[in-house]
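Let's take a walk through a protein together, one stop at a time. Please keep the picture and the sequence side by side as you read.

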Amino acid sequence: MYVSYNKLWKLLIDRNMKKVDLRRIPISPSTLSKMNRGEPVSLDVLGKICDKLHCDIGDIMERYEYHRDLLNLPEYVFPAAMLVFGYP
């Protein structure tokens, strides 16, 4: 599973926080390094982060293999944004 925590890192920047501030939640260093590598972590950890930051899980992470499969993209391509034209 491909997980991106880029939304979390952006949220921390917007709130003038750093990654080490997540250690106060508490989150172990190994879990934080997993998140830095884009590996999945437990829902308990994600829940703790969301409680601390007062946000939803979708505000801090996303699975991007869905987009890769939807657009038929190769493994080495990371879909960063999607632009859709048309009527709803």
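Where is the place of Tyr-2 in the chain? Tyr-2 sits in the segment before β1 (3-4). Its relative accessible area is 31%, so Tyr-2 is partly exposed; buried means under 20% relative accessible area, exposed over 50%, and partly exposed in between, with a 1.4 Å probe and protein chains only. Tyr-2 and Pro-40 are 38 residues apart in sequence, while their C-alpha atoms are 7.7 Å apart in space.

Before we go on, a word about what you are looking at. This is a predicted model, in which local features need pLDDT of at least 70 and side-chain atom pairs count only at pLDDT 80 or more, while totals for chains, interfaces and linings use all residues. Residues are numbered from 1 along each chain as its sequence is written, and side-chain values use heavy atoms, with hydrogens and water left out.

Now for the overall plan. The chain holds four helices and two strands, and reading along the sequence you meet them in the pattern β-α-α-α-β-α. Helices (H or I, at least four residues) and strands (E, at least two) are DSSP runs, numbered from the N terminus. The chain has 88 residues, and 31% of them count as buried. It exposes about 6,500 Å², with carbon and sulfur atoms supplying 55% of that area; accessible areas come from the Shrake-Rupley method with a 1.4 Å probe, and for residues only the protein chains shown count as cover. Contacts tell us about the fold too, a contact being heavy atoms within 4.5 Å. Among contacts between residues at least 6 apart in sequence, 54% join residues at least 24 apart.

Let's step inside. A nonpolar core is a set of buried Ala, Val, Leu, Ile, Met, Phe, Trp, Tyr and Cys residues joined through side-chain atoms within 4.5 Å. The largest one here has 20 residues, and those with the most contacts inside it are Tyr-5, Leu-8, Trp-9, Leu-22, Ile-49 and Ile-60. The elements that give two or more residues to this core are α1, α2 and α3, and α3 gives the most, with five residues. Take Trp-9 as an example: leaving aside residues up to four places away in sequence, Trp-9 touches Lys-19, Leu-22, Leu-32, Met-35 and Asn-36.

Next come the loops, where a few backbone details are worth finding. In the loop between α1 (6-14) and α2 (29-36) you will find Pro-26. The peptide bond from Ile-25 to Pro-26 is cis, with omega near 0°. Asn-16 lies in the loop between α1 and α2 as well, and it has a positive phi of about 55° although it is not a glycine. With a relative accessible area of 72%, Asn-16 is exposed. His-54 also has a positive phi, near 55°, in a residue other than glycine. You can locate His-54 in the loop between α3 (43-53) and β2 (62-63), where it counts as exposed at 71% relative accessibility.

How many salt bridges does the structure hold? There are three, a salt bridge being a side-chain nitrogen of Lys or Arg within 4 Å of a carboxyl oxygen of Asp or Glu. One joins Lys-10 and Asp-14, whose closest N and O atoms are 3.1 Å apart. Both residues lie in helix α1, four residues apart, which is about one turn of the helix. Lys-10 is partly exposed at 48%, and Asp-14 counts as exposed at 52%. Another salt bridge joins Arg-24 and Asp-21 (3.3 Å, N to O). Here Arg-24 is exposed, with a relative accessible area of 65%, whereas Asp-21 is buried at 15%. Glu-39 and Arg-37 form a salt bridge too, with 3.0 Å between the closest N and O atoms.

Our last stop is a pair of cysteines. The structure holds zero disulfides, a disulfide being a pair of cysteine sulfur atoms within 2.5 Å. Why is there no bond for Cys-50? The closest cysteine sulfur, in Cys-55, is 4.1 Å from the sulfur of Cys-50, and that is too far for a bond. Cys-50 itself counts as buried, because its relative accessibility is 6%.
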